[in-house]
Each structure stands twice: as C-alpha cells, then as structure tokens.
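Colleague: I'm new to this one. Could you walk me through how the chains meet?

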Amino acid sequence: MNLKTRRIAELDRVIHEPGRLMIVALLSAVEQADFLYLQHETEMNKGTLSSHLSRLEEAGYVEVVKTYRGKIPQTLLSLTAEGRQAFQQYRRRMKEAL
Amino acid sequence: MQEHDEVTKINQIESLMKRPVLYNNIDGVGELGMGFMLLGFALLSWLQANSPRNAIWHRMDVFVVWVGLMLLGIHYGSKAIKEYITYPRTGFVAYRKLKSTRLSALVLGCATAVMGIAFAARSHWDIDGSHWGMTTPAALIGLVFVLFYMFHIARAVPWKWAVAAAMAICSVVIAMLPAGVVGEVGGSTSAVATLPERNSGAWLLFITIYGTIFLISGGISFVLYMRRTQPAAETAE
C-alpha cells in the first residue's frame, strides 16, 4: 500500500461518507443551523438527513437541540469542539493525500 | 482516477463551506437594507441641499434621530422578514464571527473614514480645485462597494454580476461628470454646511444611484425567492 492510499484509508470514516461530509462542511461554517436549512442545502429527504445526523451525534461531532420558534418545533444543529477538530483534521489529511 | 475524485471532493468541501455566507442574502434582504439606508441618507441630503440654512434638516439632533430611526427600521424590518418569511421557507442560520468578517468591516470603515477625512480636509482648508477633487473619492468608495458586492453577493448569483457592473459604471460616470452638473445636484445649500455644492452633489448622486441599484436588485431577489420557495410543512424532523 503506498503512502497516498494509506493516508486515504486513515481518513475518518464517519465524516468521509458524502452525505455526512456535506453536513459537517456546512455546519463548520456556521455557529448553528436548523434542520430545514440543512435539508434545503443538501437536498436530502428528512429520513436520510436524520439518519446521518444521528450517526454524527453518536460520534460526538454534532450537537442536536430540540426547541421551538414560536409554536413551531425547530431542531438546531451545531458542530461540537470535537466535531470541528475532526473536520479540520479530515481536511488536512485529504490535502496531504493529494 | 481516485486522486481526481479526491480533488473534486476537496473542491466541493470548500464550496460547501462558503454556502452559508452566501445564504445571508438569498432573499435579497441585505441589499434591500443597504438600498433603504442609502436612499434614506440621500433624502436627508436632498432636504438639506434644498432648504434654507436655518431649516431643521441642518440640525445635528435631527440628523441623529433620522439615522437612528432609519437604522432601527432596517434592523427590525430585516429581522421580521427573516423570522416570518426566510426561516420558515429555507431554514435558520446563526453565523460565526470570523476574522474575515471583522476585516471586511474594518476595510469598509477605513474607506468611509478616508472619504470623511477628504470631505473635512477640503472644507476646512477651503481647497477649491476641479470637480475631480471630490467626485474621485466618491467614485473610489463606489468601486470599494463594488468589490465587496462582488465578493459577498455576486459570487452566489450569476445575474448579480450585471448589478456589480452597473455600479462600477455609475461610479466612473459620476467621477467624469462636469463640475457644473454635480454642483447643480448639490442644490442651493450644501448638505454639510461647510461643503461646496459640488461636493454634496457628488455625495447625493453617489448614494441615490447606489441606493436605487441596491433596492432594485434586492427587490428582484426577494420576488424570485418568494416564487421559488414555499413554507415548509410542519412535520416532525
């Protein structure tokens, strides 16, 4: 196995999945965003998006807060410090692998 | 082949990370706010330019109240549009305070300060050169505006490049207008008591044209946004 292939193999699998990568990249640029915004930007359906968010939450990369905006339920999402660090490391490793 | 895929992935990540910043003006509210602010200043400047020197429009307290009301209106107006129209349709985003945002604010602040100093210096020492003296700074500030517009807004929406071009052309045209024409716009009494008419004329032209362009562009964005989006159904997430 050459160095490049090994570097790619070492990438964080939780983040490397395309759907989750989109979510993490979007959240990395903001303080907080809601479920609707992510759905609008990623064009995923609710089920797929929820499933990716659950996986990221399990890994400790995303914090999910259920709240209300007036009378409307709102799900607020943000990257945790661990999530930010993991994403930065992922980007660095991707660049190194090229 | 794999390397190509990874390069594409890196580019996609970088582009995704810019999307939330560009989302800020998805509904045109940023431009509408800017347009209302500039036209508000233009209206006050016009009232000052076309009223006797002892009219209330020349008083500092009136200026402060005017600006305060304008800023409050724009702040709460934008907030209301975001709260009742944008967030229910395409989602809510809270932005991080990044270094680049602070830098942009700093550069814009410096550019405005340079303009202010140029006006003040000219009026203080009563420098009476050609009309290029004041219209050129106005045009330069205009071009700084264009750069910010291109960087923060036009990148997201292709047709906004035409708006940026229109603003750039207007800046150059204002700089090239004859002194007499600019002076006539300035009216009988200067917007700032000590400024010659042509200076307030350049200022008035600049903010009126830019305000109108921002308002039209923001209005078009808002209408397009309303047509393309619908409020989300209230179901479980």
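Here are a few questions and answers about this predicted model.

Colleague: Which element of chain B gives the most residues to the side that touches chain A?

Modeller: The contact takes 22 residues from chain B and 27 residues from chain A. On the chain B side, the elements that give two or more residues are helix 1 (2-23), helix 3 (60-90) and strand 1 (93-95). With 11 residues, the top giver on that side is helix 1 of chain B.

Colleague: By class, how many residues on that side of chain B are nonpolar?

Modeller: Let's sort them by class. Two are polar and seven are charged. The nonpolar ones number 13.

Colleague: Which residue of chain B stands opposite A:Gln32?

Modeller: Strand 1 of chain A (residues 30-34) and strand 1 of chain B run antiparallel, joined by three bridges. Opposite A:Gln32, in strand 1 of chain B, you'll find B:Ala94.

Colleague: And helix 3 of chain B, where does it bend?

Modeller: Helix 3 of chain B has 31 residues and reaches 42 Å from its first C-alpha to its last, close to the 45 Å expected. Still, there's a bend of about 40° in helix 3 of chain B, and it sits at B:Lys82.

Colleague: Which elements of chain A do the buried residues of helix 3 of chain B pack against?

Modeller: The buried residues in helix 3 of chain B are B:Thr86, B:Tyr87, B:Pro88 and B:Thr90. Just after that helix, B:Gly91 takes a positive phi of about 105°. As for the packing partners of those buried residues, they're helix 4 (35-42) and strand 2 (62-69) of chain A.

How values were computed. Residues are numbered from 1 along each chain as its sequence is written. Chains are lettered from A and ligands numbered from 1 in the order in which they are written. This is a predicted model: local features need pLDDT of at least 70, side-chain atom pairs count only at pLDDT 80 or more; totals for chains, interfaces and linings use all residues. Two residues are in contact if their C-beta atoms, placed from the backbone, lie within 7 Å. Helices (H or I, at least four residues) and strands (E, at least two) are DSSP runs, numbered from the N terminus. Ala, Val, Leu, Ile, Met, Phe, Trp, Tyr, Cys and Pro count as nonpolar, Asp, Glu, Lys and Arg as charged, and the others, Gly among them, as polar. Two strands pair if DSSP finds at least two bridges between them. The expected span of a helix is 1.5 Å times one less than its number of residues. The bend at a residue is the angle between axes fitted to the seven residues ending there and the seven starting there. A residue is buried if 20 or more other C-beta atoms lie within 10 Å of its own, exposed if 12 or fewer, and partly exposed in between; C-beta atoms are placed from the backbone.
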